[in-house]
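Please open the model in your viewer and keep the sequence panel beside it, since each stop on this tour begins with a selection. The route goes from helix packing to the core and then out to single residues.

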Amino acid sequence: SFSKILETEPERIDWCVSEYVELLHKIHDTEVPEGKLPDMKKTALGWAKFMKDHLPEETGSKLVKLVEDVPYSNHMIHGDYHTKNVELTNDEVLLIDMDTLAVGDPVFEFASIYNALIGFYELNHDGVVEFQGFSYDTSVTFWNKVMAAYAGTDDAAVIESLSDRARIIGYTRLIRRSIRRGGLEDEQRKKEIDHWTEELIGLVSRIDCLSYKA
């Protein structure tokens, strides 16, 4: 997997980024007949509505509207596109774990990627080593390089804007997931929820569009 390459051959990170993004563009360029795959926007809207009970009223209402305003897209997203799900077999790059396929704006894809690389581990950097196999620093570097390559620009402002949009969906999903699994009753997990919530409130206050197509 790409996780193994990044763990054992970190000098190949740029090659991994190039292959990872090329395959991602192929996925996102694929149009899907209506009704053949779940609409990720509907799922994300459910997460946002759940969060209305756990955010200041103005923030919760704006979060729901931000998700509602993401245009419908019939283009494919993988839904769990982390480096363990991208394999290299006989010099061919292959994608596994296809049960999360859906349609939607790329923002929903990148929210999942952000969580798998960074979001889960912002307060526990060792966690990414346990899951992905490589360091948190490598994870952050990989994320930033992927964002630049996907957008086709090194403009830091553009990359930050796209990252922030993904983080809004990513944090929404993380907070909901942790709360539903009893995170508010566990001291360490409560710290994570508080951290993600603080980040989410700040992002929602300054972001007015989530779509990567806008």
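For the angles quoted below, axes are lines fitted to C-alpha atoms, for helices over the stretch in contact, and the angle runs from 0 to 180 degrees between N-to-C directions. Please bear in mind throughout that this is a predicted model.

**First stop: α4 against α9**

Select residues 57-68, which form helix α4, together with residues 187-206, which form helix α9; the two pack at an angle of about 65°, and their axes lie 10 Å apart. The crossing that α4 makes as it passes α9 is left-handed. To see what makes the contact, show the side chains of Thr59, Lys62, Leu63 and Leu66 on α4, and those of Leu200, Ile201, Val204, Ser205 and Arg206 on α9. Coloured by character, the residues of this contact between α4 and α9 fall into five nonpolar, two polar and two charged.

**Second stop: α8 against α9**

Keep α9 selected and add α8, which spans residues 156-180. Here the helices α8 and α9 pack at an angle of about 145°, with 9 Å between their axes, and their crossing is left-handed. On the α8 side the contact is made by Asp164, Arg167, Ile168, Tyr171, Thr172, Leu174, Ile175, Ser178 and Ile179, while α9 brings Arg189, Ile193, Trp196, Thr197, Glu199, Leu200, Leu203, Val204 and Arg206. The residues in this contact of α8 with α9 divide into 10 nonpolar, three polar and five charged.

**Third stop: leucine 200 and the core**

Now centre the view on leucine 200, which takes part in the contact of α4 with α9 and also in that of α8 with α9. Which residues does leucine 200 contact, leaving aside its neighbours within four places in sequence? They are Met51, Leu55, Leu63, Ile168, Tyr171, Thr172 and Ile175.

Leucine 200 also belongs to the largest nonpolar core, a set of 68 residues in which Tyr81, Phe110, Phe142, Trp143, Ile168 and Leu200 touch the most other members. Among the contributors to this core, α8 gives the most, with nine residues.

**Fourth stop: isoleucine 118**

Move next to the loop between α5 (106-117) and α6 (126-131), where isoleucine 118 is found. Is isoleucine 118 buried or exposed? Its relative accessible area is 6%, and because buried means under 20%, isoleucine 118 counts as buried. Beyond its neighbours within four places in sequence, isoleucine 118 is in contact with Tyr136, Ser139, Val140 and Trp143, and Trp143 is one of the core residues named at the previous stop.

**Fifth stop: two loop aspartates**

Select aspartate 155, which sits in the loop between α7 (136-151) and α8 (156-180). With 38% relative accessibility, aspartate 155 is partly exposed, and a polar atom of its side chain lies 2.9 Å from the backbone nitrogen of alanine 157.

Then turn to aspartate 97, in the loop between β3 (92-95) and β4 (102-103). Aspartate 97 is likewise partly exposed, at 42% relative accessibility. If your viewer reports backbone torsions, look at the phi of aspartate 97, which is near 55°, a positive value in a residue other than glycine. Most residues other than glycine have a negative phi.

**Last stop: two helix residues**

Threonine 43 lies in helix α3, residues 40-51, and is partly exposed, with a relative accessible area of 34%. Draw a distance from its C-alpha atom to that of arginine 173, and you should find 9.9 Å between two residues that are 130 residues apart along the chain.

Finish at alanine 151 in helix α7, which is partly exposed with a relative accessible area of 34%. The C-alpha atom of alanine 151 is separated by 12 Å from that of valine 17, although the two residues are 134 residues apart along the chain.

Definitions and conventions:
Residues are numbered from 1 along each chain as its sequence is written. This is a predicted model: local features need pLDDT of at least 70, side-chain atom pairs count only at pLDDT 80 or more; totals for chains, interfaces and linings use all residues. Side-chain values use heavy atoms; hydrogens and water are left out. Helices (H or I, at least four residues) and strands (E, at least two) are DSSP runs, numbered from the N terminus. A crossing is left-handed if the near helix is turned anticlockwise from the far one by less than a right angle, and right-handed if clockwise. Contact means heavy atoms within 4.5 Å. Ala, Val, Leu, Ile, Met, Phe, Trp, Tyr, Cys and Pro count as nonpolar, Asp, Glu, Lys and Arg as charged, and the others, Gly among them, as polar. Buried means under 20% relative accessible area, exposed over 50%, partly exposed in between (1.4 Å probe, protein chains only). A polar contact is a pair of N or O atoms within 3.5 Å; within protein, one must be able to donate a hydrogen and the other to accept it, and residues adjacent in sequence count only if both atoms are side-chain atoms. A nonpolar core is a set of buried Ala, Val, Leu, Ile, Met, Phe, Trp, Tyr and Cys residues joined through side-chain atoms within 4.5 Å.
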